[in-house]
Amino acid sequence: MRRLSVVLLVDARGWVLLQERDEHAPLAPGQWGMVGGHVEDGEDFEPAAYRELEEETGVRLDGGLRLWREERFQYSDQPEPFHYQVWSAPTTLTDADIVVGEGRQIVFVDPADVPLLDTSESCAHFVPAFLASPEHADLVAGLVADFDKGSRA
């Protein structure tokens with residue numbers, strides 16, 4: 001079974017980092033998807049999440065990812081399901097901090113705009129559920145609280 005590890009970074013506005021894939025992508029070319037990718041043979045999901053995040057965005061995290069969901073996901077055009085782990089983390093990064101290592105663009109997207117995007121099947125499955133989750137709300141609340149503390153200091 002193919003294994004995928006993806007990362008959803010969330011900023012203080014509650015926006016989520018997504019990638020517009022280019023025409024060379026092996027899955028969902030030209031569509032919007034999550035940052036991340038295949039877990040290599042002998043590699044665990046969590047190290048793969050950090051590696052893929054750095055390869056695709058130039059962002060190097062030294063911890064802080066939280067496992068949000070683990071699930072087998074079936075694409076409509078694939079014979080076998082994929083084993084996904086979806087990781088999340090809060091961030092103070094902006095679009096200017098992201099180096100596009102893969103795809104057309106990687107930007108923070110307003111949750112209200114996600115349904116308007118041409119998303120991959122996996123993105124359409126996982127991202128709306130994540131945006132509606134208590135985990136997403138907790139990440140945003142923590143970032144806002146940290147910002148408020150910093151602005152009073």
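## His136: a buried histidine in α3

His136 counts as buried, because its relative accessibility is 9%, under the 20% cut-off. This is a value from a predicted model. His136 sits in helix α3, which runs over residues 134–152.

Which residues touch His136, once neighbours within four places in sequence are set aside? They are Val10, Gly14, Phe130 and Leu131. Leu131 also offers a polar partner: its backbone oxygen lies 3.4 Å from a polar atom of the His136 side chain. Ser88 is 48 residues away from His136 along the chain. Even so, the C-alpha atoms of Ser88 and His136 are separated by 8.4 Å.

## Thr91 and the β5–β6 loop

Thr91 belongs to the loop that joins β5 and β6. Is Thr91 buried or exposed? At 9% relative accessibility, Thr91 is counted as buried.

A polar atom of the Thr91 side chain lies 3.0 Å from the backbone nitrogen of Leu93. Beyond four places in sequence, Thr91 is in contact with Leu9, Val10, Asp11 and Ala12. Phe108 and Leu143 are also among its contacts. Val10 therefore appears twice in this report: it is in contact with Thr91 and with His136, contact meaning heavy atoms within 4.5 Å.

## His83 in β5

His83 is part of strand β5. Its relative accessibility is 11%, so His83 counts as buried.

Contacts of His83, leaving out neighbours within four places, include Met1, Arg2, Arg3 and Leu4. Glu70, Glu71 and Arg72 are in contact with His83 too. So is Phe45, a residue listed among the buried residues of α1.

## Helix α1

Helix α1 covers residues 45–57. Does its span agree or disagree with the expected value? At 1.5 Å a residue, its 13 residues should span 18 Å, and the end C-alpha atoms are 18 Å apart, so the two agree. After α1 comes Gly58, with a positive phi near 80°.

The buried residues of α1 are Phe45, Ala48, Ala49, Tyr50, Arg51, Glu52, Leu53, Glu56 and Thr57. Their cover includes five strands by name: β1, β2, β3, β5 and β6. Of these, β2 spans 16–20, β5 spans 82–90 and β6 spans 105–109.

## Asp22 and the β2–β3 loop

Asp22 is placed in the loop between β2 and β3. A polar atom of its side chain lies 2.9 Å from the backbone nitrogen of His24.

Setting aside neighbours within four places, Asp22 is in contact with Pro29, Gly30, Gly103 and Arg104. Trp32 is 10 residues from Asp22 along the chain. The C-alpha atoms of Asp22 and Trp32 are separated by 9.1 Å.

## The largest pocket

The largest pocket has a volume of about 330 Å³. Its lining is made of 22 residues. Which of them lie nearest the centre? They are Arg21, Leu27, Met34, Gly36 and Gly37.

Three elements each supply at least two lining residues: β1 (3–10), β3 (32–38) and α1 (45–57). The largest share comes from β3, with 5 residues. By class, the lining holds 9 nonpolar, 8 polar and 5 charged residues. Two of these elements, β1 and β3, are also among those covering the buried residues of α1.

Terms used: Residues numbered from 1 in each chain as written. Predicted model: local features only at pLDDT ≥ 70, side-chain atom pairs only at ≥ 80, totals over all residues. Heavy atoms only, no water. 1 Å grid on protein atoms, 1.4 Å probe; cavity = no way out; pocket = protein on both sides within 12 Å on 5 of 7 lines; lining within 4 Å. Points joined across faces, edges and corners; volume = space filled by probe spheres on them. Helix = DSSP H or I, 4+ residues; strand = E, 2+ residues; numbered from the N terminus. Nonpolar A, V, L, I, M, F, W, Y, C, P; charged D, E, K, R; others polar. Buried < 20%, exposed > 50% of the residue type's maximum accessible area, 1.4 Å probe, protein only. Polar contact = N/O pair within 3.5 Å; in protein donor to acceptor, adjacent residues only side chain to side chain. Expected span 1.5 Å × (residues − 1).
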